[in-house]
Amino acid sequence: MTQPFTEDVIAAVSRHMNDDHEDDNVLIVRALGGRPDATGARMTGMDGEGIDFTATVNGQAVPVRVPFSRPLTERAEVRPEVVRLYREACAALGLPART
């Protein structure tokens with residue numbers, strides 16, 4: 001898939017996720033990224049097929065890729081998809097999601 005998002009969009013989404021939703025990043029990585037042992041996670045990129053993180057696992061930086069449920073082609077699709085990932089992660093971990 002070609003990259004549907006500009007570097008500015010990726011930087012803005014990453015900044016928002018890392019500044020405002022750092023705990024959500026960890027939940028997504030733990031539940032959906034196959035790293036239940038992650039103690040930290042920062043969004044590092046994305047494309048139309050998924051979101052990339054660098055997770056902290058046993059003090060080491062580990063790359064983690066979490067796929068989207070479907071290919072995204074527009075910026076407006078990103079927020080609802082990331083919210084879906086967060087809610088799915090909460091459900092998988094048995095945690096209440098924010099409303």
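Q: Let's start with the helix α2. Which elements do the buried residues of α2 pack against?
A: This is a predicted model, by the way, so keep that in mind as we go. In it, the buried residues of α2 pack against α1, β1, β2, β3 and α3.

Q: And which residues of α2 are buried?
A: Look for Asp24, Asn25, Val26, Leu27, Ile28 and Val29; these α2 residues are buried. "Buried" here means a relative accessible area under 20%.

Q: How do I read the sheet? In what order do the strands sit?
A: Follow the strands across the sheet and note each one's neighbours. Here 3 strands make an open sheet, ordered β1-β2-β3, and the pairing is antiparallel. β1 (38-47) and β3 (60-67) are the edge strands, each with a single partner, so one side of each has no neighbour in the sheet. On average, neighbouring strands are turned by 25° against each other, if you ignore direction.

Q: Over how many bridges do β2 and β3 pair?
A: Strand β2, residues 50-57, pairs with β3 over 8 bridges, in the antiparallel sense. For a spot to find on screen, take Val57: this residue stands opposite Gln60 in β3.

Q: Now the helices on the sheet. At what angle does α2 run to β1?
A: α2 lies across β1, β2 and β3, and runs at about 90° to β1. α3 packs on the sheet as well, touching β1, β2 and β3, and the direction of α3 makes about 110° with that of β3.

Q: How does anyone find a pocket?
A: The general idea is that you roll a probe the size of a water molecule over the atoms, and this shows where empty space is left. In this model, the largest pocket holds about 400 Å³ of space. The pocket is lined by 16 residues, and the closest to its centre are His16, His21, Arg79, Val82 and Val83. The elements giving two or more residues to that lining are α1 (7-20), α2 (22-32) and α3 (78-93).

Q: Which element gives the most to the lining of the largest pocket?
A: That's α3, with 6 residues. Sorted by class, the lining has 8 nonpolar, 3 polar and 5 charged residues.

Q: What about single residues: is Asn18 buried or exposed?
A: Compare its relative accessible area with the cut-off for buried, which is under 20%. Asn18 comes out at 8%, so this residue is buried. Asn18 sits in helix α1, and touches Asn25, Arg42 and Met43, leaving out residues up to four places away in sequence.

Q: And Glu81: buried or exposed?
A: Same kind of reading: Glu81 has a relative accessible area of 6%, so it is buried. You'll find Glu81 in helix α3. Apart from neighbours within four places in sequence, Glu81 is in contact with Phe68, Ser69 and Leu72.

Q: What should I look for in phi angles?
A: Most residues other than glycine have a negative phi, so a positive value in one of them is worth a look. Asn58 is such a case: its phi is positive, about 55°, although this residue is not a glycine. Asn58 lies in the loop between β2 and β3, and counts as exposed at 65% relative accessibility.

Q: Which glycine takes a positive phi just after α2?
A: That one is Gly34, with a phi of about 75°.

Methods: Residues numbered from 1 in each chain as written. Predicted model: local features only at pLDDT ≥ 70, side-chain atom pairs only at ≥ 80, totals over all residues. Heavy atoms only, no water. 1 Å grid on protein atoms, 1.4 Å probe; cavity = no way out; pocket = protein on both sides within 12 Å on 5 of 7 lines; lining within 4 Å. Points joined across faces, edges and corners; volume = space filled by probe spheres on them. Helix = DSSP H or I, 4+ residues; strand = E, 2+ residues; numbered from the N terminus. Nonpolar A, V, L, I, M, F, W, Y, C, P; charged D, E, K, R; others polar. Pairing = 2+ DSSP bridges. Axes fitted to C-alpha atoms, helices over the stretch in contact; angles between N-to-C directions. Contact = heavy atoms within 4.5 Å. Buried < 20%, exposed > 50% of the residue type's maximum accessible area, 1.4 Å probe, protein only.
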